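Work through the exercises below with the sequence and the coordinates open. Each task is followed by a solution in steps.

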Amino acid sequence: MFGYLVARLSQAVVVVFAMSVIVFVGVYAIGNPIDVMIDPGATQEIRENLIRQYGLDQPLWRQYFTFVGNVFQGDLGRSMVYNISVTSLVFSRLPATLELVLVSVTIAACIGIPAGLYAGYRPNSIGAKLIMALSVLGFSVPTFWIGMLLIMAFAVELGWLPSGGRGEVAEFLWFKTSLATSNGWSHIIMPAVNLSLFKMGLLIRLTRAGMVEAMGAEYVRFARAQGLPDRQIVFSHILRNISIPVVTVFGLELGSTLAFAVVTETVFNWPGVGKLIIDSILQLDRPVMVSYLVMVVILFVLINLIVDLIYARLDPRVRLKGGS
Amino acid sequence: MPDSLTPAADLSALPSAPPAETRAMRLHNFWSDYRQSWVAIGALIVFIMLLVGAFGAPYFVPQDPYDLANLDWLDAFLPPGTVGSGGYAHLLGTDNAGRDMLSAILYGLRTSFMIGISAGVFALAAGITVGLTAAYFGGRIEALLMRIVDLQLSMPAILLALVMVAMLGQGIPQIIFALVVAQYAYFARTTHGAASVERRKDYIEAARSTPLPTWRVMFKHLLPNVLPPLIVVATVQVASAISLEATLSFLGVGLPLTEPSLGSLISNGFKYIHAGRYWLSIYPGIFLMITVVAINLVGDQVRTVIDPRNSR
Amino acid sequence: MTAALDVQNLTTRFATRGDAVTAVNDVSFSVEKGRILGLVGESGSGKSVTGFSIMGLIDAPGNISAGRVLVDGVDLRSLNDEGMRKMRGNKVAMVFQDPMMTLNPVLRIGDQMAMAVRVHRKLSKTDALEQARQALEAVGIPSPGERLQAYPHQLSGGMRQRVAIAMALLHSPSVIIADEATTALDVSIQGQILAEVRDLADQMGTAIVWISHDLAVVSSLADDICVMYAGRIVERGSAQQVIEHPRHPYTQGLLDSIPARHTPGTPLPQIPGSTPQLSRLPQGCPFRPRCPRASDACTVTPPEDTKDNQTVLCHHPLERS
């Protein structure tokens with residue numbers, strides 16, 4: 001177990017390192033951000049001062065090592081647009097994104113898993129067919145377009161919900177969240193639903209497939225032969241079996257929800273890190289771009305690691321081994 | 001986006017079709033199986049109509065939406081069905097610059113198709129090359145290449161595309177490149193899976209022991225056997241490329257409005273959504289949705305037909 | 001005394017695209033307490049479907065269209081779903097063929113067994129586990145307490161099948177149906193398990209229906225034998241009668257093709273042809289196309305012919321020479 005952890009962790013470090021080099025070189029090697037930042041009429045002196053200030057006169061490899069050194073001290077550089085430290089910038093935006101992801105993932109799980117179970121339990125019922133048709137729409141129609149339809153329906157036409165922004169936040173435990181106010185809820189519900197649809201479609205398909213397979217399995221027939229009621233077979237036997245693939249995919253998709261938050265945040269003007277990265281790409285704010293991307297990669301690798309460990313716990317057949 | 005659903009693993013074990021069947025027979029069988037589903041037939045018809053509409057657009061739309069001389073500010077924001085200064089009815093209305101929406105949509109659809117299909121083709125080529133190289137050489141090369149591919153597959157395509165756009169900037173070639181980077185891995189994984197199964201068979205060993213050059217063995221002998229699953233992945237990936245490009249353009253990091261795709265049209269229309277001018281964004285969105293769903297349905301049926309587990 | 005299991009005119013049909021297939025056709029037999037009935041036939045003869053029909057585990061598109069199944073005098077078919085569920089595992093239990101598949105791979109043996117105990121008896125989890133432990137002990141599993149903590153993949157195939165048998169025994173049912181229960185096991189383990197099953201029937205008075213394609217296994221275990229062909233019981237009698245003096249040509253063919261009963265050095269006789277598809281049965285006697293004794297009379301459904309309690313469904317039964 002310990003050897004496995006070490007092997008996985010060292011793999012993760014290599015991946016993060018490689019990605020940070022690629023992102024850093026890719027983002028820094030092209031174009032000159034100073035041109036974007038300053039007035040074209042500025043004197044050469046101001047220009048050179050700025051270049052020195054941001055360390056852009058150094059060779060690329062040195063810039064990278066300065067960057068990595070700073071990262072270890074918790075310093076991700078200064079935003080060229082907001083002129084504040086990237087760390088505080090990202091951390092000021094992160095709660096909004098995390099809260100959005102959390103709510104949408106919860107919605108996806110609370111609706112998607114029961115719906116998939118039902119669709120698999122009665123695969124020929126009309127309800128099941130409807131669920132499946134909706135799930136296909138859920139992941140083949142682009143997220144931003146559904147978001148727009150939601151705004152059109154619930155904000156513009158019906159006027160029930162605000163069309164964007166985060167709304168009021170209130171202190172809950174040790175951080176500020178919009179989940180603590182009703183106004184906050186009215187703001188988060190539409191973006192969260194929007195972000196959850198793709199995941200929901202995926203969960204429905206996955207749970208249904210698992211359910212259909214399990215219903216035909218010998219162990220289910222054996223359980224029925226013991227006189228177990230269907231409800232208990234589904235909840236004690238089948239759920240445990242399909243929880244393995246569902247948890248795995250769900251965990252992996254958590255990371256992609258974080259990435260797709262970029263789209264939803266733009267549509268609903270949600271002030272999270274996703275909106276931040278789009279703005280920074282448009283404004284060529286490189287420290288923010290690099291930090292965001294490196295941060296997301298780290299999150300990804302971490303999530304993968306955690307999912308692997310959970311998987312090993314859930315499935316007794318999987319033995320934890322060192323190496324691959 | 002559908003890209004994370006490609007069942008590359010499912011398809012990788014497809015055996016090659018028995019050699020006794022001729023190509024024409026195979027095509028015929030394929031078609032008679034495909035016909036089984038009415039939904040799939042409908043999707044195919046819709047898809048073909050969209051293709052014709054997009055690429056034939058210059059011949060039958062009332063207006064060239066790129067020609068500024070055609071545009072009249074007085075025609076801006078006409079609701080659907082209004083007759084404008086050109087003397088014809090704008091069936092889907094006009095946008096903020098007085099463009100006929102139907103014309104803009106069909107031109108935009110053409111851009112979307114071009115980007116989606118070329119990204120699909122390049123990603124296919126890149127993926128086949130990587131997958132075959134890995135499967136053919138094995139050992140360290142295989143381990144390294146497939147590790148990279150797996151890593152990329154574990155990341156959402158939109159993230160990779162954003163990284164590429166952040167590096168390369170905006171424009172059609174940049175977008176295509178970004179899409180290829182984001183998607184080639186699906187083809188590579190599928191190719192590698194199918195090819196590693198083939199490689200262990202005797203005839204590849206036999207071909208390798210002849211003095212034929214390596215690349216010829218790879219392409220002439222391995223490739224035909226991995227094509228069927230790749231066709232399925234390709235249809236799904238074209239749909240996902242179109243929808244990914246639309247997403248990037250919507251986010252404002254894809255194509256500028258001077259070269260509008262469906263995504264940039266929707267993005268532009270989104271600004272006017274609160275003013276009740278729904279047609280600027282709804283109609284291009286409907287076209288996008290129909291396109292993506294139609295391609296996916298066709299792909300679904302192709303998968304059902306090719307999958308040996310469903311064979312008669 | 002009523003028989004533990006009494007099956008009367010059981011008929012099970014499967015509706016497939018338009019036409020219905022009769023998988024079990026007018027099957028009748030009964031098993032007394034403590035006796036073992038061997039139900040023999042090739043795959044597709046309907047013997048497994050008979051087992052599942054008794055358990056009430058026939059899923060759509062199949063349904064039991066006629067007949068009665070009496071367990072201790074209670075007609076199972078007159079019960080509603082809930083009543084039938086309460087009988088399953090309690091009065092009538094079943095053991096399946098593949099011990100790899102019948103246990104849930106992700107649940108501990110103890111949890112699965114405790115669930116099976118508590119579904120019919122209100123017991124605490126601890127008491128249920130104790131019941132499970134005793135059941136494991138009864139089927140000869142060493143250190144049963146530890147086994148309860150194990151997952152199925154940690155046990156050998158023979159061990160798993162013993163667990164399945166132990167689970168069938170949990171509520172001391174009147175009837176156990178064993179469907180090819182030893183087919184997937186090694187011959188040596190098969191022998192041990194058969195001996196244990198024989199003891200169980202004798203000691204606990206359980207009636208056992210032993211379904212198998214292997215006439216050799218059945219002949220060493222069963223008290224009575226029913227031979228099934230194309231959904232019908234074509235021969236029924238005591239094990240000794242059926243093995244030593246088969247009256248149906250099909251039974252004779254099966255016996256001839258058992259290697260152990262055969263003179264070495266001469267070619268092993270086989271029944272020509274193969275099992276007919278149930279959807280395309282020949283008119284009259286279904287065995288007619290493969291039968292060495294067939295005549296024109298066989299195009300009519302054969303009558304039942306009973307002699308010394310040995311019943312056969314044939315126009316030209318073999319007579320004792």
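The expected span of a helix is 1.5 Å times one less than its number of residues. The model used here is predicted.

**Exercise 1. Compare the span of helix α5(B) with its expected span, and describe its surroundings.**

Solution.
- Step 1. Helix α5(B) has 37 residues, so at 1.5 Å a residue it should span 54 Å.
- Step 2. The end C-alpha atoms of α5(B) are 53 Å apart, which agrees with that value.
- Step 3. For the surroundings, a residue counts as buried if 20 or more other C-beta atoms lie within 10 Å of its own. By this cut-off 26 of the 37 residues of α5(B) are buried, and the helix is mostly covered.
- Step 4. Just after the helix comes B:Gly138, with a positive phi of about 65°.

**Exercise 2. Treat helix α5 of chain A in the same way, and locate its bend.**

Solution.
- Step 1. The helix covers residues 86-121 of chain A, which is 36 residues.
- Step 2. From first C-alpha to last it reaches 50 Å, close to the expected 52 Å.
- Step 3. The bend lies at A:Leu94 and amounts to about 35°.
- Step 4. A proline, A:Pro95, follows within four residues of the bend.

**Exercise 3. Which residues have the most contacts inside the largest nonpolar core, and which helix gives the largest share of this core?**

Solution.
- Step 1. The largest nonpolar core holds 254 residues.
- Step 2. B:Ala161 and C:Trp210 have the most contacts inside this core.
- Step 3. Helix α5 (residues 101-137) of chain B contributes 18 residues, the largest share of the core.
- Step 4. Neighbours within four places in sequence are left aside for C:Trp210. Its contacts then include C:Ile36, C:Leu37, C:Gly38 and C:Leu39. C:Ala178, C:Val218, C:Leu221 and C:Ala222 are also in contact with C:Trp210.

**Exercise 4. Describe the sides of chains B and C that touch chain A.**

Solution.
- Step 1. For chain B, 35 residues are in contact with 32 residues of chain A.
- Step 2. At least two residues of this side come from each of α7 (157-168), α10 (214-251), α11 (262-270) and α12 (279-306) of chain B.
- Step 3. Sorted by class, this side of chain B has 25 nonpolar and ten polar residues, and no charged ones.
- Step 4. For chain C, 25 residues are in contact with 18 residues of chain A.
- Step 5. The elements of chain C that give two or more residues to this side are α2 (81-87), β6 (92-95), α3 (99-102) and α4 (109-118).
- Step 6. The classes on this side of chain C are 15 nonpolar, six polar and four charged residues.

**Exercise 5. Find the edges of the four-stranded open sheet of chain C, then describe the hairpin of β11(C) and β12(C).**

Solution.
- Step 1. The strand order in the sheet is β2-β1-β4-β5, with antiparallel pairing.
- Step 2. β2 (19-31) and β5 (74-75) of chain C each have a single partner strand, so they stand at the edges with one side left without a neighbour in the sheet.
- Step 3. Strand β4 (residues 62-71) of chain C is joined to β5(C) by two bridges. In this pair C:Val71 stands opposite C:Val74.
- Step 4. In the hairpin, β11 (residues 304-307) and β12 (residues 310-313) of chain C pair in the antiparallel sense over four bridges. C:Lys307 stands opposite C:Gln310.
- Step 5. Two residues lie between the hairpin strands, and C:Asp308 in the turn has a positive phi of about 50°.

**Exercise 6. Are A:Asn269 and C:Ser172 buried, partly exposed or exposed?**

Solution.
- Step 1. A:Asn269 lies in the loop between α10 (230-267) and α11 (273-282) of chain A. Its phi is positive, about 55°, although A:Asn269 is not a glycine.
- Step 2. A:Asn269 has 14 C-beta neighbours inside 10 Å and therefore counts as partly exposed.
- Step 3. C:Ser172 lies in the loop between α7 (157-169) and β7 (175-179) of chain C. Its phi is also positive, near 40°.
- Step 4. C:Ser172 has 12 C-beta neighbours inside 10 Å and therefore counts as exposed.

Methods. Residues numbered from 1 in each chain as written. Chains lettered and ligands numbered in written order. Predicted model: local features only at pLDDT ≥ 70, side-chain atom pairs only at ≥ 80, totals over all residues. Contact = placed C-beta atoms within 7 Å. Nonpolar A, V, L, I, M, F, W, Y, C, P; charged D, E, K, R; others polar. Bend = angle between axes of the 7 residues up to and from the residue. Core = buried A, V, L, I, M, F, W, Y, C linked by C-beta atoms within 7 Å. Pairing = 2+ DSSP bridges.
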